[in-house]
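Here is a friendly walk through one structure, written for someone who likes to check contacts and angles. Have the viewer open as you read.

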Amino acid sequence: MGGEFKRAWLEGKLLGYIWTSVSRGLLGFLFALAIGTPLGLLVARVRFVRAAIGPVLSGLQSLPSVAWVPPAVIWLGLDNQMMYAVILLGAVPSIANGLVSGIDQVPPLFLRAGRTMGATGLKGAWHIVLPASLPGYLAGLKQGWAFSWRSLMAAEIIASSPDLGIGLGALLENGRNASSMSMVFEAIFLILFVGIAIDLLIFSPLERWVLRSRGLLVKS
């Protein structure tokens, strides 16, 4: 394993594999964030929307993301649009449900105080509801990223194509096809490494900031 890993690093391929997947994953997650946040706010604040869409979001969240790959390939073909569609279908329900859960836990006193001071509608959502729901929203974001990354890996493994380049999922599938255990473990290690790195670089600092802003961060 070490020799193959070192050779891929020296040839400059390893960073290319990582960048292909990470760039897709982060861009797809940003799209999911842009869709899931207003959707979650709408579901949480509008009763008939919640009754109509809430159960669907929960059902979609429990559906394995790999199930979306075959229809996405049929509808969109083997291109990056298919990859992003699978990521969105995997991540948007988690982000929206996380925000709904966070808003449900906002004390009613905060909302009444906001209305008293004129913070209603979009102003109330931006200044009162979203800041108060940050812990639940952040949990939804973490879960949304996990689903984004898993969805992308499933799409890269199942729908590999030369036009899509080689990401970490495709690398894992290539190792299986070649019966190369070293390549398989190399891909697994890199997938795990990226997941840990994103958590340490993005979500852990955000969690500390939220806890610190609420006076909940215990200093040792």
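## Helix 9 and its cover

Helix 2, helix 8 and helix 10 are among the parts that cover the buried residues of helix 9. Please keep in mind that this is a predicted model. How many of the 10 residues of helix 9 (residues 168-177) are buried? The count is 7, so helix 9 is largely enclosed by the rest of the structure.

If you want to select them, the buried residues are L168, G169, A170, L171, L172, E173 and G175. Just after helix 9 comes a backbone detail that may catch your eye in a Ramachandran plot: S179 takes a positive phi of about 55°.

## Salt bridges between helices

A search of the whole structure turns up 5 salt bridges. One of them joins R24 and E156, whose closest N and O atoms are 3.0 Å apart. R24 belongs to helix 2 (residues 13-45) and E156 to helix 8 (residues 134-158), so this pair ties together parts that are 132 residues apart in sequence. Are these two partners buried or exposed? R24 counts as buried because its relative accessibility is 4%, and E156 is buried too, with a relative accessible area of 2%. For both residues the cut-off that matters is 20%, since buried means under 20% relative accessible area.

Another salt bridge brings together the side chains of R50 and D104, at 2.6 Å from N to O. This pair also links distant parts of the chain, with R50 in helix 3 (residues 47-62) and D104 in helix 5 (residues 80-104), 54 residues apart. Here the partners are partly exposed: R50 has a relative accessible area of 31%, and D104 has a relative accessibility of 43%.

## A network around K142

The side chains of E207 and K142 meet in a salt bridge as well, with an N to O distance of 3.4 Å. E207 lies in helix 10 and K142 in helix 8, so the pair ties together parts that are 65 residues apart in sequence. E207 is partly exposed, with a relative accessible area of 30%, and K142 counts as partly exposed at 27% relative accessibility.

Which residues are linked in a network of salt bridges? They are K142, D199 and E207.

## Aromatic pairs and a cluster

The aromatic side chains offer another set of links, and a search of the whole structure finds 5 aromatic pairs. In one of them, the ring centres of F29 and F203 are 6.2 Å apart and the planes stand at 85°, so the pair is edge-to-face. F29 sits in helix 2 and F203 in helix 10, so parts 174 residues apart in sequence are tied together by this pair. F29 counts as buried at 9% relative accessibility, and F203 is buried with a relative accessible area of 4%.

F31 and Y84 form an aromatic pair that is edge-to-face, with 5.9 Å from centre to centre and 90° between the planes. This pair links distant parts of the chain, with F31 in helix 2 and Y84 in helix 5, 53 residues apart. The two partners fall into separate accessibility classes: F31 is partly exposed, with a relative accessible area of 40%, whereas Y84 counts as buried at 18%.

Which residues join F29 and F203 in one aromatic cluster? W145 and W149 do. There is also a charge over a ring to look at: R150 lies over the face of F147, at 5.7 Å from the ring centre.

## A nonpolar patch on the surface

To finish, turn to the outside of the model. L192, I196, L200, L201, I202, L206 and W209 form a nonpolar patch on the surface, and together they have about 720 Å² of accessible area.

One of these residues, L206, has its place in helix 10 (residues 181-213). L206 counts as partly exposed because its relative accessibility is 34%. As a reminder when you look along a helix of this kind, an α-helix has 3.6 residues a turn, so residues three or four places apart point the same way.

Key: Residues are numbered from 1 along each chain as its sequence is written. This is a predicted model: local features need pLDDT of at least 70, side-chain atom pairs count only at pLDDT 80 or more; totals for chains, interfaces and linings use all residues. Side-chain values use heavy atoms; hydrogens and water are left out. Patches are made of residues with over 30% relative accessible area and no salt bridge: like charges are joined within 9 Å, nonpolar side chains (Val, Leu, Ile, Met, Phe, Trp, Tyr) within 5 Å. Accessible areas come from the Shrake-Rupley method with a 1.4 Å probe; for residues, only the protein chains shown count as cover. A salt bridge is a side-chain nitrogen of Lys or Arg within 4 Å of a carboxyl oxygen of Asp or Glu. Helices (H or I, at least four residues) and strands (E, at least two) are DSSP runs, numbered from the N terminus. Buried means under 20% relative accessible area, exposed over 50%, partly exposed in between (1.4 Å probe, protein chains only). Rings of Phe, Tyr and Trp (its six-membered ring) pair if their centres lie within 6.5 Å; planes under 30 degrees apart count as stacked, over 60 as edge-to-face and the rest as tilted. A charge sits over a ring if NZ of Lys or CZ of Arg is within 6 Å of the ring centre and within 35 degrees of the ring normal. Contact means heavy atoms within 4.5 Å.
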